[in-house]
Each structure stands twice: as structure tokens, then as C-alpha cells.
Number of protein chains: 2
Amino acid sequence: MAQRSAVTRRAPLSRDRVLRAAVTRADAAGIGSINMRGLAQELGVVPMALYKHVAGKDELLDGMVDLVIGEFEPPAAGPDWKSEVRRRVLSARRAVLRHPWARLAIESRTRRTPAVLGYMDSLAGAFLAGGFSAHLTHHVMHALGNRIWGFTPELFDAPPDADAPAPDPEARAAMAREFAERYPHILQIATAATDGDLSRVGDGCDEQFEFEFALDLLLDGFDRLRVAGWTPGSARSTGSA
Amino acid sequence: MAQRSAVTRRAPLSRDRVLRAAVTRADAAGIGSINMRGLAQELGVVPMALYKHVAGKDELLDGMVDLVIGEFEPPAAGPDWKSEVRRRVLSARRAVLRHPWARLAIESRTRRTPAVLGYMDSLAGAFLAGGFSAHLTHHVMHALGNRIWGFTPELFDAPPDADAPAPDPEARAAMAREFAERYPHILQIATAATDGDLSRVGDGCDEQFEFEFALDLLLDGFDRLRVAGWTPGSARSTGSA
DNA sequence: ACGGTAGGTGTACGGTGTACACCTGTCAAG
DNA sequence: CTTGACAGGTGTACACCGTACACCTACCGT
């Protein structure tokens, strides 16, 4: 009775509980909210206790990314290599979109955990099973780059920029005029992308479309190389002029 | 005499001197060595003095990236859009390779400085002048992604890993065996990439080749879309199955 | 002669990751 | 039942970071 206190004991920590708490916290408050003190407090524990379960913050981040990778759809025997790769990459994308912090975390991580290697291995396997040579598989994976994780490196999107207290329509118009003069080509494609309604320019692009556009462009290019029997010695990398 | 001390006065700081010192320091010791205290000491000044010339660390990083962008070859009227885009992107790549920290800095920066916008604008201009519609220009720039900066997001390369005090050939062989069993496809492409000499697997890929491979693959794909008269309504993004 | 100001100083605060010594409850072996 | 190892939680402390704020000081145009 004295020992087994009636008060419910805190469930003992575990690496898994720590990682899941971190993922939940990051989902809610962003990757910037992940720090040992805050995470420990959330778990009702002193900061240093976490170090019994994760080696340090780096390993914590790695573990969080691994949890996200665990949400990817598993490999399967698709009808053809292209739809299988497409399915898996878009599945990765859905998982990363569920955990918006994962993009930054993946980009900043450098360690190749077993989960990371396993995913890359299964993707490579899809190419190889689809008739790609090992050499070509190597290069096309490089060509995909971070797209295998389901995101394109941001190009145009800027954060909403929580400054500029008063949008002052006069100054705003002047800025727009200066922008149009200095960056006419960006203006031109932004106008096209928003169907002429430039007030929507802050809404960002249709990321999903952009992602699939580039993904399919690459996949189609890969297929052309494969059917053309690409070998390491082919003239120029893609065999064209 | 008392005022104009014979001792040579330190040349007054300036935003430019601060940024150049930071770039030099980062070139020599990596982006991790950039901190206000160390940089100030190098300039023979107290940390807070820097804040008279840069708003804070973020703006410092932005300014450093701008200096690198300043090293890019300027736009020119090339014989065709493809060689012009190719020239500029490969020029960006050379600059980024001269400043290895720039890759990380560019990836982590979110602000679009005039230098960044100017570069993106001139690239967009090359596509538009080459006959791309504004819509298509928008999408192909997304497809290029960070490749416009001259680098592919790292996929395979891991840092040399300064741990593992003794490479212990026995354990090393065991690890290799386990790796081969768990990640057979990665092994297969690594074997191809090193022409069978797996001891070279740590040397990394031929980054230059990988970069141009993917760049040309994308550029060729872009050209196919352009000559096919791609419009926003085309079936699927790339017009193929 | 004087006042404003650009530029450099000094101190201090709140935040971070984590090394290290310590305690404590559990459980298996003696 | 005793004991001792050990996994897991604690408390303190340190070094480092960015930077807010008040200050001082030398210059320069009036």
C-alpha cells in the first residue's frame, strides 16, 4: 500500500512515448516548439529524463521523421513501375502534409536511419523491377531528389509575413507598381497562375498540381530513357541534343 | 595628436564589411561558425556593434546569400532558351560550390530579397522569351525547384561520420553483410555507380553528373511541352498517359 | 560653440542543449 | 530475507546563443 501508492503512477516513459509526444506537439505547434524542456514538461518529467530514451535532440528529430515514414503506404506489386512509384511518392506526400513540420525536419536531417534507407531501397526496387538498369536507377533517384519525400523545395511561397501592421492601400499600390517594374516576368507568371486576379497572389500556388506536374514530367522522362535503352555512355545525360 | 591617435584606427564597420567577413568566415569554417559573438570578435568589435549594420542574424544570412547571388553570371541573350537557362543555372551551381554553406543557407532562408527575386525573374524571362506561356513558365520553374540554385537536395550523401573510432574490419564486414541483406536495391545501384568497387561507395556520387542529368532531363521535358503547345487544360500535367 | 546623430560599448536576460553526480524503486541471485 | 546491480527519474550547473536596452563618444553641419 505504501509502495503501490493509490495515486496512479505516471506510465513509465519509453522511446516510443517520447517520440509520439514530440510528433503530437510538432503537429500542433510546429517544429520550433520542439525543445527538451517543453517536451519533458508535457510528459510530466524533468528534461534530463528524456536522455534515458533518446541520445539527444538530433536523434529525437530522426525518430520523429521515422514515425512519419512509418505512415507511408507499404510497397506493393503495381501493374507497372511508374504507377507504383507514383503511388508511393504521393503516399509519402500525404503523410508529410499531415505533419507539416516534416518537410523541414527531413531537409535538415542528414542521418540515414533504417527507416529512411528502407524507403529509398523499396523505391529503387520499384525502378529495378520495372526494367531500369542499376545505373539508370541511381541517376533517376537523384533526379527525383527530395521529391521522393512528397514535396518540392519551396520556390515562390513566402510565409504570410506577420509584419506590416497596416496594409496602407496607397503604399501597397506603390509597392506593387515597383514590383511590376522590377520583376516583370515574375509578375507575368503570377498573373497567369492566378488567372489575372493578382489579389490572390498571396494564396500560394496549387502545390498539389505543381508537385504532380514535376513528378510526372520526370517519370515520363525516365520512361523515355528506359525504353531507349539508356546506358552510362549515352551522349549527354539524357541522350538529346 | 591626442584625438587623432597615431595608432591606426580600425576602419569603420559597414554592412558590406560585415557581410563579407561573414562570407569569408563561413567559407573557411562552415555556416555553423556564424554567430554574432565570433563574427564581432573577428572584426575587432563588440557583438552589439553588428546590430548597427544588420537587423539581426536572419538578415545577416540573407545578406550573405545575396552576396553569393551576386556572383552568378548575369543574364544574356543566348541562342535559345535552353542553353541560356542551362548556362545560368550551371553558373549558379559554380557559385554555390565555391561557398558550400550556401546550399544550407538558401534552403533555410525564407525571405525573398531583391537579389533572389531578380534572379528568379531573369530565369522566368528566359523561358518567356523562349516561347513558353506564362502558365507553363510558372510550372516548369516549380518543376526545377531548388535546382535553379545549382544543387540537388542530397539524397545519398551522408557526412563522413566522424565517429567509429576503429573501423574494425570484422565488424565492418558484418555490417556490410547486414546492409546488403536489408537494402539489396540500394546495394545494387551503389555497385553500379562505383563500377563494382564498393570500397569507393563512401566517396559519394559524381554530383556534377547527377545534377546535369536531372537538369537536362527536365529541360528536355520542358521543351517537349512547349513544342506540343501545352496549355493549362492539357490532359494530366505532362500530357502523357 | 553646440546639438544631433551615427556608430561602438557594457551589461543583462531569457532561452537552448546537455554533462555529471545523484537518488530510488525493482527484481533476480545468493 | 538480504543484497546489489541497474534502469529510470532528478537536480544542479555550464556554456553558448541572439539580442534588448541604456549608455557613451566622436564627429559634423549649423
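In this predicted model, sugar or phosphate accounts for 39% of the atoms of DNA strand D that lie within 4 Å of the protein, and bases make up the rest. The protein side of this meeting involves 19 residues around DNA strand D. Both chains A and B show up in the list of the closest ones: M48(A), K52(A) and H53(A) from one, N35(B) and R37(B) from the other. Sorted by class, the surface near the strand breaks down into ten nonpolar, six charged and three polar residues.

Chain B supplies some polar contacts to the phosphates. N35(B), already named among the closest residues, places a polar side-chain atom 2.9 Å from a phosphate oxygen of DNA strand D. Y51(B) also reaches a phosphate oxygen of the strand through its side chain, with an N or O atom at 2.9 Å. With K57(B), it is the backbone that does the job: one of its N or O atoms there sits 2.9 Å from a phosphate oxygen of DNA strand D.

Turning to the fold of chain A, the tally is ten helices and zero strands, so to speak an α-α-α-α-α-α-α-α-α-α run when read from the N terminus. The chain has 241 residues, and 45% of them count as buried. Among its contacts with a separation of 6 or more, 69% link residues 24 or more positions apart. As for the outside of chain A, the accessible surface comes to about 12300 Å², with carbon and sulfur atoms contributing 57% of that area.

Notes
Residues numbered from 1 in each chain as written. Chains lettered and ligands numbered in written order. Predicted model: local features only at pLDDT ≥ 70, side-chain atom pairs only at ≥ 80, totals over all residues. Heavy atoms only, no water. Near = heavy atom within 4 Å. Polar contact = N/O pair within 3.5 Å; in protein donor to acceptor, adjacent residues only side chain to side chain. Nonpolar A, V, L, I, M, F, W, Y, C, P; charged D, E, K, R; others polar. Helix = DSSP H or I, 4+ residues; strand = E, 2+ residues; numbered from the N terminus. Buried < 20%, exposed > 50% of the residue type's maximum accessible area, 1.4 Å probe, protein only. Contact = heavy atoms within 4.5 Å. Areas by Shrake-Rupley, 256 points an atom, 1.4 Å probe, with all protein chains shown as cover.
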